[in-house]
Amino acid sequence: MVSFLIALAILVGGYFIYGSLMDRMIGTDKNRPVPAYTKRDDVDFMPMPTWKVFLIQFLNIAGLGPIFGAIMGIMFGPAAFLWIVLGTIFAGAVHDFLSGVISIRMGGASLPEIVGHELGVSVKQIMRGFSVLLLVLVGVVFVVTPADLLAGLSAEWLDKTVWVWIILGYYILATVLPIDKLIGNLYPLFGLSLLFMALGLLAFLIFGPVEIPSDFGSGLANRFVDETGSHPIFPMMFVSIACGAISGFHATQSPMMARCLKNEKLARPIFYGAMVAEGIVALIWAAAAIAFTGGYEELNAYMASHGNSAGALVEEISFTWLGTAGGILAILGVIAAPISTGDTALRSARLIVADFMKIPQQTIVKRLLISIPLFVAVFLLMMIDFSVLWRYFAWANQTLAVFTLWAVTVYLARHKKAYILTLLPSMFMTAVSVSYLLYARRPEGIGLDLPIAVGVGIASATILLMLFLRYMRGLKNQPAF
């Protein structure tokens, strides 16, 4: 319990201490013109109440990552607690905050435009396709999972197929309607469900008759029960815990809210703060998983006996600890999280396509022109096995974070800022993503031996560091912006 409370305190403290440091470093200014006013179109660009923007950003990035990802991640042992805390403060929140601030300063530019501006036209073209593909994958993944959960709570005739079509219908509306019409009105309700779930579990962890067997005393050795040995902590844990520590997907969402902020000074509570809130949710679910099952070995055994379905454990924890009424509200929060991520993922995909094709989005016809092909792609991808889609999503998600971190690092270097604050996370996540792609078993990876995969991952990070240092030499005599 003590370890959990310390971790929780560090996360909260990280927002006030390291978040403030980042804010001073980038120099946010409440008087700087923001796109919510300079480009206002009352569809995607419009000023919104700060509390609504926070809830939208939080729900956009939450999804199932800090819940399912945290449960899968804590199977690796106490190292997961460290990654959730340190990854959130020094990597994930920095990644989200700076991508949001840069978007504001570039007039609400989408992620591929930001990355392309810093890393070059060729990278921009790659990022355009890669980002849209990832966002469509998110839409697919976050249709299937909530449809499964809703089917289990509803009448027999409301089966998974019916719920899939209902959710897809909602996604279409959320993608094409002005942001304040549907998303702006529903997200406060979704947010209350998600917050109830997290706060309810937190209260039970602290005041209930449970112990959290974090077991730091036995070291950080891998606790993942796997006879094949195919789940080493590095790189597997750092990909399993994505949204609960750092996620490239978040940087696709930050520009959407950058178009709605009333002033730049709000960037820290919105972007850095939402990521810290997500880290807290991940920490709660990681602790709940081992407290409920009794330890790491017991958690591994539980997952193995339930087909490695985190959903089964989430449902059992919710109803056992929070009762029937509380359990239903908690499950509704779990359902709301992926739905509120899937809809804005597809909305972000529309905005990215509109940006690079330079198609104005004031009229519904222009929005449908982009949205219909996106939903056709979603429908086709739903034919692929869900487990395969999830694994590709996990790798693509962290790879996108690599692109974003390097772009942010170059931005800071160009503006004579403390680029070391993002350079180290950039190198680390490069090593993680490359190592995972080379080590992971087919079909999502190449299946090389771990030492080779990690060696190439570290070499890749080193090569990018050398290229960056060469770039820095070229900037040495340029004036600050």
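1. In this predicted model, the side chains of K124 and E113 meet in a salt bridge, with 3.9 Å from N to O. K124 belongs to helix α7 (residues 121–153) and E113 to helix α6, so the pair ties together parts that lie 11 residues apart in sequence. Both K124 and E113 are buried, and for E113 the relative accessibility is 14%, which falls below the 20% limit for a buried residue. The side chain of E113 also makes a polar contact, at 3.1 Å, with the side chain of R128.

2. A second group of charged residues deserves attention, since salt bridges that share partners join R32, R105 and E264 into one network. In one of these bridges E264 pairs with R32, the closest N and O atoms being 2.4 Å apart. E264 sits in the loop between α11 (248–258) and α12 (267–293), and R32 in the loop between α1 (2–26) and α2 (35–38), so this pair ties together parts that are 232 residues apart in sequence. In the other, the side chains of R105 and E264 meet at 2.9 Å, N to O, which links helix α5, where R105 is located, to the loop between α11 and α12 across 159 residues.

3. The members of this network are not equally covered: E264 counts as buried because its relative accessibility is 0%, whereas R32 is partly exposed at 30% and R105 is partly exposed at 26%. The structure as a whole holds 11 salt bridges.

4. Helix α5 itself merits a careful look. At 1.5 Å a residue, its 27 residues (79–105) should span 39 Å, and the end C-alpha atoms are 37 Å apart, which agrees with that expectation. The helix nevertheless bends by about 55 degrees at T88. It is mostly covered, with 23 of its 27 residues buried, and just after α5, G107 takes a positive phi of about 75 degrees.

5. On the surface, W165, I364, V365, L368, I372, V376, F379, L380 and M383 form a nonpolar patch with about 890 Å² of accessible area together. The largest share of this patch, 7 residues, comes from helix α15 (residues 364–381). V365, which is found in α15, counts as exposed because its relative accessibility is 60%.

6. Helix α15 also contains F375, but this residue counts as buried, because its relative accessibility is 13%. F375 and G139 are 236 residues apart in sequence, while their C-alpha atoms are 9.0 Å apart in space.

Technical notes: Residues are numbered from 1 along each chain as its sequence is written. This is a predicted model: local features need pLDDT of at least 70, side-chain atom pairs count only at pLDDT 80 or more; totals for chains, interfaces and linings use all residues. Side-chain values use heavy atoms; hydrogens and water are left out. Helices (H or I, at least four residues) and strands (E, at least two) are DSSP runs, numbered from the N terminus. The expected span of a helix is 1.5 Å times one less than its number of residues. The bend at a residue is the angle between axes fitted to the seven residues ending there and the seven starting there. Buried means under 20% relative accessible area, exposed over 50%, partly exposed in between (1.4 Å probe, protein chains only). Patches are made of residues with over 30% relative accessible area and no salt bridge: like charges are joined within 9 Å, nonpolar side chains (Val, Leu, Ile, Met, Phe, Trp, Tyr) within 5 Å. Accessible areas come from the Shrake-Rupley method with a 1.4 Å probe; for residues, only the protein chains shown count as cover. A salt bridge is a side-chain nitrogen of Lys or Arg within 4 Å of a carboxyl oxygen of Asp or Glu. A polar contact is a pair of N or O atoms within 3.5 Å; within protein, one must be able to donate a hydrogen and the other to accept it, and residues adjacent in sequence count only if both atoms are side-chain atoms.
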